[in-house]
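Let's look at one helix and one hidden space together. Have the sequence and the 3D view ready.

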Amino acid sequence: MVGSLPDYKPTTDGALSPYGGLKSVNHEATGFFHAKKSGKRWWLIDPDGHPFIHVGIYQKAGHMGYPGDCIFVFDPEFEAFCDEYAKRLVSSKDDPWLLGHFSDNELPFYHKSLDNFMKLPKTDPGRQAVDQWLTERRKRHPEDKTLNDTKRQEFLGFVAERYFKITTAAIRKYDPNHLCLGPRFDYQALQSKPLFEAAGRHLDVIATNYYHQWSPNPEQVENWVEWSGRPFIVTEWYAKGMDSGFANTTGAGFVVKTQADRGRFYQNFTLGLLESGGCVGWHWFKYRDNDPNDKNADPSNIDSNKGIVTLGLEPYAPLM
């Protein structure tokens with residue numbers, strides 16, 4: 001699509017592999033994408049062994065939701081459910097063009113997850129799990145009797161550890177070849193050290209949906225890498241243009257005046273990502289504008305200019 005724009009001139013001159021990797025640099029060729037740190041920078045390595053930055057457009061959004069924002073991770077059937085669900089991955093496990101797997105989208109890994117689990121009925125497996133966790137913690141810290149932020153973050157790490165252990169094991173059981181990318185953390189999860197530590201023990205690359213920043217926060221993104229020991233990929237971000245004819249009343253992305261401003265935002269943001277040695281790619285959200293007539297759309301995807309193309313599939317040339 002970019003190649004069809006007026007006055008576009010490619011500059012790679014055959015220097016890239018079929019997957020987009022830099023052919024002049026060679027690493028181990030495993031036949032699949034994998035993550036590797038070289039010097040101070042993380043890379044994705046393509047199936048032929050060449051370093052690669054993954055740039056794409058993400059099309060879908062939303063998750064099914066959880067009552068009380070409590071993930072079903074302590075349900076006695078959760079592990080069996082994940083195993084059964086992951087069986088479908090067998091059909092694509094040998095596909096060299098597949099980058100990896102998300103396990104979900106923007107799960108409620110919230111700072112007040114402890115508070116939420118404590119509100120569940122006493123018969124709920126999640127409530128029973130938090131009661132047991134609190135009992136065990138009191139044995140280690142009998143002096144700490146208050147509901148505080150330290151305790152909240154410890155519990156969030158406890159929930160995350162169980163979630164990543166179960167879901168990643170299920171994915172790798174049926175597809176040991178591709179990257180595990182996690183559930184695409186939303187902005188409420190991006191400040192939690194215990195969450196990133198748990199993710200780093202199980203994931204290959206950590207997917208983050210990164211909003212409310214005109215430029216990546218250098219300290220914040222470096223914390224993600226330091227806490228987890230893993231690279232990250234930004235899997236949602238965008239800006240909406242007021243020259244598109246849309247009301248732009250939904251979604252977390254910024255609103256700017258023109259498509260050219262959207263392009264400037266893209267350029268500025270990606271240059272900031274490249275300054276981090278831990279970023280291995282980004283996905284703009286999304287490919288096509290919201291359809292205002294779609295009655296089944298996610299509430300955050302109504303009547304907004306998020307696409308790189310219009311509803312009629314015409315590219316926004318200044319953005320592109």
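Here come a few questions and answers on a helix and a cavity.

This is a predicted model, where local features need pLDDT of at least 70 and side-chain atom pairs count only at pLDDT 80 or more, while totals for chains, interfaces and linings use all residues. Residues are numbered from 1 along each chain as its sequence is written, and side-chain values use heavy atoms, with hydrogens and water left out.

Q: How far does helix α3 reach from its first C-alpha to its last?
A: Helices here are DSSP runs of H or I with at least four residues, numbered from the N terminus. Helix α3 covers residues 125-140, 16 in total. The expected span is 1.5 Å times one less than the number of residues, and that gives 22 Å for α3. The model comes close to this, at 23 Å.

Q: Why do the buried residues of α3 line one face of the helix?
A: Buried means under 20% relative accessible area and exposed means over 50%, with a 1.4 Å probe and protein chains only. Among the buried residues of α3 are V130, W133 and L134. Take the directions from the helix axis to the C-beta atoms: the buried residues line one face because, seen down the axis of α3, they fall within an arc of 155°.

Q: Which exposed residues does the face of α3 turned away from its buried side carry?
A: The buried side includes G126 and R137. Turned away from that side, the exposed residues are Q132 and K139.

Q: Which residue caps the N-terminal end of α3?
A: Look for a side-chain oxygen 2.7 Å from the backbone nitrogen of G126. The residue that owns this oxygen, and caps the helix, is D124.

How values were computed:
Helices (H or I, at least four residues) and strands (E, at least two) are DSSP runs, numbered from the N terminus. A polar contact is a pair of N or O atoms within 3.5 Å; within protein, one must be able to donate a hydrogen and the other to accept it, and residues adjacent in sequence count only if both atoms are side-chain atoms.
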